[in-house]
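Reader: Could you walk me through a few backbone and cysteine features? I'd like the general idea and then the case at hand.

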Amino acid sequence: MQTEAMVMRRTGEADVLERATIELPDPGPREVRIRVHAVALNHIDIWARRGLPHVRYDFPHRLGADIAGEVDALGPGARGVAVGDAVVVNPGVSCGACEQCLSGKDTFCRSYRILGENTQGGYSRHIVVPDANVLPKPKNLSFTDAAAVPLCFLTAWNMLVNKAELRAGQTILVQAAGSGVSSAAIQIGKMLGARVLTTTSTDEKAARARALGADEVINYTTQDFVAECKRLTNKRGVDVVIEHVGGDVFTKSILAAAWGGRVVTCGATTGFSPTVDLRHVFFRQVEVLGSTMGSKGDLFTILRFVAEGKLRPVVDRVMPIWEAAEAHRLLEARKAFGKVVLSVD
């Protein structure tokens, strides 16, 4: 079938995104076609649009990992959904048959892909995905709110629960409160009983971070976050740092951690090559943990908490999908707190 989409025919700046009519194959065995109603932006969209060295693009390429919509066709043998169901799409695609997948560690699958990065994504009216990637949309969420959940909450959950093994009573530092991952991490940390410190750049973003549950907000433009973490913890440092900024922020995050603390990183938006004094790692026994996405099973747990109102997506603004280029510029300029979501009419 033919459908409309925002595509890129080459990598580059935001203006490479263009409206086009594309051919979409019918859903194959155990696949589902979704009529997309909303797709949320992530920094992975920015990186993929600029060009990733490990990705071989199949142009025209469609970005978009976070998708919510309605099932409008089923492939042979598709299970668990029916035409007309309102759904959320899990953005991680894996083989489903290897040892890692069957152990609930699908992010370690050799064929693991993320929608919109190294396979076609949801910047379109329709998308075909495996039935294993489709979950019921919580009834208390609109499509635009639902699209703001999967990638950032999966990432934050994996970082805090599976990697850092956060426990009640511990203190965490969440870098850059306005990002999607950080707005999720603040909420998850509070739900698990932690004391949450976070950093941001403006009074407006600080107020929004406190509204999400942050106990202390550090303005990194006027304050040294390492010194503030020490002051707020009686010189001990924080138990866990949630970090995705990279560069000097990563280096200083190690200094902000307590002896035996954990620094969990899932990205490097400001630089991939920080300079680290390893003495602060081995002498103080600070653990540095890498994290990417989260398992398919974790999204079921997350959506239950969302349905119960214990976690909520944070949407900064909703824009038409045909304004995707401008939405990218807003995200690149760090003008959003939470998610920018594209509506698909």
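Reader: Where does Pro60 lie?

Author: Helices (H or I, at least four residues) and strands (E, at least two) are DSSP runs, numbered from the N terminus. Pro60 sits in the loop between α1 (43–50) and β4 (66–74), and the peptide bond leading into Pro60 from Phe59 is cis, with omega near 0 degrees. Keep in mind that this is a predicted model: local features need pLDDT of at least 70, side-chain atom pairs count only at pLDDT 80 or more, and totals for chains, interfaces and linings use all residues. Residues are numbered from 1 along each chain as its sequence is written, and side-chain values use heavy atoms, with hydrogens and water left out.

Reader: Which loop holds Arg30, and what is its phi?

Author: Arg30 is in the loop between β2 (17–23) and β3 (31–40). Arg30 isn't a glycine, yet has a positive phi of about 55 degrees.

Reader: Is Asn234 buried or exposed?

Author: Buried means under 20% relative accessible area, exposed over 50%, and partly exposed in between (1.4 Å probe, protein chains only). Asn234 has 69% relative accessibility, so it counts as exposed. Arg30, at 39%, counts as partly exposed. Asn234 lies in the loop between α7 (225–232) and β13 (238–243), also with a positive phi of about 55 degrees.

Reader: How many disulfides does the structure hold?

Author: A disulfide is a covalent bond between the sulfur atoms of two cysteines; here the test is a pair of cysteine sulfur atoms within 2.5 Å. The structure holds zero. For Cys98, the nearest cysteine sulfur, that of Cys101, is 3.6 Å away. Cys229 is in no disulfide either, with the nearest cysteine sulfur, that of Cys266, 18 Å off. Cys229 is buried at 0% relative accessible area.
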